[in-house]
Amino acid sequence: MFSGVTHQKLLTLICLLASLWIIFTISQNSTKIWSVPKVPISPDYCNASMMSSFTKTPLSLVTSPTGTSPTELRVKEILEKLDRLIPPRPFINENTTTSATHSTATILNQQDSYCTGDQLHILLEMRDHLGHRKEYGGDFLRARMSSPALKAGASGKVTDFNNGTYLVSFTLFWEGQVSLSVLLIHPSEGAAALWRARNQGYDRIFFKGKFVNGTSSVFTECSLIPNSNTQWCKYVNERDQEIFYCVKLQHMPCGALTHVTSMNQNITYLTSKEKSLFHRSKVGVEIMQDQHIAVSQCNKTTKTKEKCHIGMEIPVPGGYTMQGRWFTTFCNQTLLSTAQVSECLKGKLIYLLGDSTLRQWIYYLPKVVKTLKFFDLHGTGHFKKHLLLDPEKHTQVQWKKHSHPFVTVQLYSVVDDGYIPREIDRIPGDKDTVIVITIGQHFRPFPIDIFIRRALSVRKAIERLFMRSPATKVIIKTENTREMHIDTERFADFHGYIQYLTMKDIFKDLNVGLIDAWDMTIAYGNNNVHPPEHVVGNQINMFLNYIC
């Protein structure tokens, strides 16, 4: 009979062997680049011995004593998936990293002309700056095809074979001269460095809280985690146990907090050598130079598609642009007239919950529906609650920012602040109630666990909403691409893409609509955190097709 120690060692050995088997299985199968591998994970398997390294980071969350609540197990499962997806990569020097110039792109089914609807496949063979073949994957790539004269564009699908080769697949949606592009956004060594650095600390962003008592006011440090032995005021979201902290002041009660602002701190978790990978000239480098193909109609017939509705599975790519308009590939989308939009919104209560990319919607809607007017709620600043009303048609549209973390140098009120799950819990819901949610951009500078927990909390709030009002419509707008050369460690699209995949994974089997802003902004060639008005208008048209 084994002793307790021997038995424990045996279990540890079994866990190690099982882990190696899983890693070997993954390495033998091709996976879509940056997609979440569908590897079965038992959260109870090997218990704490397989905990992700990110759980060592202090969390802005009160967890169960054993760390085995359903939420904690789901967080752990997602973190383990992402850990496998973005493993550490050897980084000797820049010469051994992926080079766009030395890498090659070969069209596999080369023809003089193609037909609309055809698939075009391109094989990428990645090499380093010395011309040596790369033996592992993980490069962060972006594929796009376009016809500028037609204002047409679409994203491509990238499959990573984890051995230095990739397959890029384009669906040829339109006829004409088509340009092909594959950008090396970051080499795999850079992606691994960004992933490691992101999950090392919460202190790249510094928060300040404004406390007001009568005619006196004072600012003090605030944080997502208590980073010292100072006495703190705790602002707790009871149901989901998320906490925001501010240093407790001697002559101010904790309830006197009225506003918060933030600023970047001069803190980095990248080495000097790693930072060299993110120089402006090394981000978003073209692999395919001057590649064009000709596409003809070929008298192909188009399949009849069903009307767009909530709950549909969205492929990638989910559509394309033509003459600046977005066309979906998975459902029959209608361009509604002003009169149709006005009639559709009659009697609707619409709640827009999220960041400023969703605030763009409430600025755009009055340009379409002239009877919608802003109602002054006596707030101040860009991030106050916004309200549109049409009393005659009983239409209400409201935008409210998501709660912490909210990153901006501008002061914003927290007096009526509410995390999105709490806001959803306050909405009774019915067949004429619509909720649109987006989170992401403000979470990029922080360890991924806080984003995962918030997304899971939002999902649970939606499930509670559907229990009391299954007819309520809920739509998730994913985050979009942004400036390619802005503060890479904090705000890189690499962080956004990981969140985009995580968001889709968390909400994939829930009866919600999806507006794939990531896919849309790649198709439009957008590199702005706030997409231009014509892109916003097409997002809203997709939204109207879901609810009208």
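**Exercise 1. Classify Phe 375 as buried, exposed or partly exposed, and state where Phe 375 is placed.**

Step 1. The classes rest on relative accessible area: buried is under 20%, exposed is over 50%, and partly exposed is in between (1.4 Å probe, protein chains only). Phe 375 has 46% relative accessibility and therefore counts as partly exposed.

Step 2. The residue sits in the loop between β20 (373-374) and β21 (386-390). Helices (H or I, at least four residues) and strands (E, at least two) are DSSP runs, numbered from the N terminus.

Step 3. Contact means heavy atoms within 4.5 Å. With neighbours within four places in sequence left aside, Phe 375 is in contact with Leu 387 and Leu 389. Phe 375 and Leu 389 are 14 residues apart along the chain, and their C-alpha atoms are separated by 6.6 Å.

Two notes apply throughout. This is a predicted model, in which local features need pLDDT of at least 70 and side-chain atom pairs count only at pLDDT 80 or more, while totals for chains, interfaces and linings use all residues. Residues are numbered from 1 along each chain as its sequence is written, and side-chain values use heavy atoms, with hydrogens and water left out.

**Exercise 2. Find which residues have a positive phi although not a glycine, and classify their exposure.**

Step 1. His 378 has a phi of about 65°. Its place is also the loop between β20 and β21. His 378 is exposed because its relative accessible area is 68%.

Step 2. Asp 487 has a phi of about 35°. This residue lies in the loop between β25 (473-477) and α9 (488-491). At 27% relative accessibility, Asp 487 is partly exposed.

**Exercise 3. Locate the cis peptide bonds that precede Pro 317 and Pro 405.**

Step 1. Val 316 and Pro 317 are joined by a cis peptide bond with omega about 0°. Pro 317 is in the loop between β16 (291-296) and β17 (319-322).

Step 2. His 404 and Pro 405 are likewise joined by a cis peptide bond, with omega about 0°. Pro 405 is in the loop between β22 (395-401) and β23 (412-413).

**Exercise 4. Describe the largest nonpolar core and name the helix that gives the most to it.**

Step 1. A nonpolar core is a set of buried Ala, Val, Leu, Ile, Met, Phe, Trp, Tyr and Cys residues joined through side-chain atoms within 4.5 Å. The largest one has 114 residues, and Ile 462 and Phe 543 touch the most other members.

Step 2. Helix α8 (residues 448-468) gives the most to this core, with eleven residues. Apart from this core lies another, of 29 residues, including Tyr 114 and Leu 141.

Step 3. Outside its neighbours within four places in sequence, Ile 462 is in contact with Ile 424, Ile 437, Val 474, Ile 476, Phe 507, Leu 510 and Val 512.

**Exercise 5. Determine how α8 packs against α10.**

Step 1. The axes of α8 and helix α10 (residues 493-507) are 10 Å apart, at an angle of about 30°. Axes are lines fitted to C-alpha atoms, for helices over the stretch in contact, and angles run from 0 to 180 degrees between N-to-C directions.

Step 2. Angles under 35 degrees count as roughly parallel, over 145 as roughly antiparallel, 65 to 115 as roughly perpendicular and the rest as oblique. α8 is therefore roughly parallel to α10.

Step 3. Residues of α8 that meet α10 include Phe 451, Ala 455 and Ile 462, and on the α10 side Ile 498, Met 503 and Phe 507 are among those met.
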